Amino acid sequence: MLGGVVGPAVLVAVAVLAPATWAGVLGKLLRTSLLLTLPIAVSVLVINVFFFPGGATVLLRVGPFAATAEGLAFAGEVLARILAISGAVTLFYLTTLPADLVVDLEQRGVPPRVAFVANASVQTVPAMVQRAASITAAQRARGLDTEGSIWRRVRGVLPLAGPVLLGAIAEVEERTLALEARGFTRPGRRTLLWQPADSGRQALARWMLVASVPLLVAARLAGWLAWLD
């Protein structure tokens, strides 16, 4: 049986870790996935371990709160699923160039505006992280204390958050004007001068993934995958 934690663990090993190893991004994927899931993982662990309804097996008590084995088991299942989702998203981000994604979407008939939104969504977080690092260095050069106690770091958030948000808005406006000057919104289909490489194995893998979705849904409805529960 592959239910509970074992099922998502097998899925992560086969569909995330193995492709990441083959692509040479395993270390970066593990670091990024763990950092992304850490805040929600702590919340899931605390809430389910101490406040799981119907928990009968008490592991320890912290004041009026009791940590139960049932809550710990359920938290482990939720964390396994969260890691599977974050690992898949991170793997896609690390192995797919935004330019390749946009061009391929337009080549398949997706409107340029939708492709641009997809590209902007992928590039938003790295761009804001880079901008925040530059602004932090500039503010430190001006004497802003962003290290030390927690109170000092909290006070340093506002001088950093304001320029980051304003810079993001200004960048969107500049990019919009640049796109308009290049005829981005003109009617008709654009002529693409370059397209990403697409081998037969990649096409076969895509069609196999697409075909597996209705098959898995049908198998689930028919009760053939009840062992996953």
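Eight helices and two strands make up the secondary structure of the protein, and the model discussed here is a predicted one. Read from the N terminus, the elements follow the order α-α-β-β-α-α-α-α-α-α, with the two strands paired in the antiparallel sense. The points below go from the whole chain to the hairpin, then to a nonpolar surface patch, and finally to some buried residues.

**Whole chain**

- The protein has 229 residues, of which 21% count as buried.
- The exposed area of the protein comes to about 16000 Å², and 71% of that area is supplied by carbon and sulfur atoms.
- When contacts between residues at least 6 apart in sequence are considered, 59% of them join residues that are at least 24 apart.

**The hairpin of strand 1 and strand 2**

- Strand 1, which spans residues 58-62, pairs with strand 2, residues 65-68, in the antiparallel sense over four bridges.
- Two residues stand between the strands of this hairpin, and Gly 63 takes a positive phi near 65 degrees there.
- Two of the pairings can be named: Leu 60 stands opposite Ala 67 in strand 2, while Arg 61 has Ala 66, also in strand 2, as its bridge partner.
- Leu 60, which lies in strand 1, counts as partly exposed because its relative accessibility is 46%, a value between the limits of 20% and 50%.

**The nonpolar surface patch**

- A nonpolar patch of about 960 Å² lies on the surface, and its members are Leu 38, Val 42, Leu 45, Val 46, Ile 47, Phe 51, Leu 59, Leu 60, Val 62, Phe 65 and Leu 72.
- Helix 2 (26-51) and strand 1 (58-62) are the elements that give two or more residues to this patch.
- The greatest contribution comes from helix 2, which gives six residues to the nonpolar patch.
- Leu 60 therefore appears in two roles, as a partly exposed residue at 46% relative accessibility and as a member of the nonpolar patch.

**Asn 48 in helix 2**

- Asn 48 is found in helix 2, and it counts as buried because its relative accessibility of 13% is under 20%.
- The side chain of Asn 48 reaches the backbone oxygen of Val 44 at a distance of 2.8 Å.
- If residues up to four places away in sequence are not counted, Asn 48 touches Gly 71, Phe 74 and Ala 75.

**Val 25, between helix 1 and helix 2**

- Val 25 lies in the loop between helix 1 (6-23) and helix 2, and with a relative accessibility of 16% this loop residue counts as buried.
- Apart from residues up to four places away in sequence, Val 25 touches Ala 20, Leu 91, Leu 94 and Thr 95.
- For one of these partners a backbone separation is also available: the C-alpha atoms of Val 25 and Thr 95 are separated by 8.1 Å, although the two residues are 70 residues apart along the chain.

**Thr 90 in helix 3**

- Thr 90 lies in helix 3, residues 69-95, and counts as buried because its relative accessibility is 4%, under the limit of 20%.
- The side chains of Thr 90 and Ser 33 are joined by a polar contact of 3.4 Å.
- Once neighbours within four places in sequence are left aside, the contacts of Thr 90 are Leu 29, Thr 32, Ser 33 and Leu 36, so that Ser 33 is both a contact of Thr 90 and its partner in the polar contact.

**Glu 106 in helix 4**

- Glu 106 has its place in helix 4, residues 98-107, and is buried, with a relative accessible area of 9%.
- The C-alpha atoms of Glu 106 and Thr 191 are separated by 9.8 Å, and these two residues are 85 residues apart along the chain.

How values were computed
Residues numbered from 1 in each chain as written. Predicted model: local features only at pLDDT ≥ 70, side-chain atom pairs only at ≥ 80, totals over all residues. Heavy atoms only, no water. Patch = residues over 30% accessible without salt bridge, like charges linked within 9 Å, V, L, I, M, F, W, Y side chains within 5 Å. Areas by Shrake-Rupley, 256 points an atom, 1.4 Å probe, with all protein chains shown as cover. Salt bridge = Lys/Arg side-chain N within 4 Å of Asp/Glu carboxyl O. Buried < 20%, exposed > 50% of the residue type's maximum accessible area, 1.4 Å probe, protein only. Contact = heavy atoms within 4.5 Å. Polar contact = N/O pair within 3.5 Å; in protein donor to acceptor, adjacent residues only side chain to side chain. Pairing = 2+ DSSP bridges.
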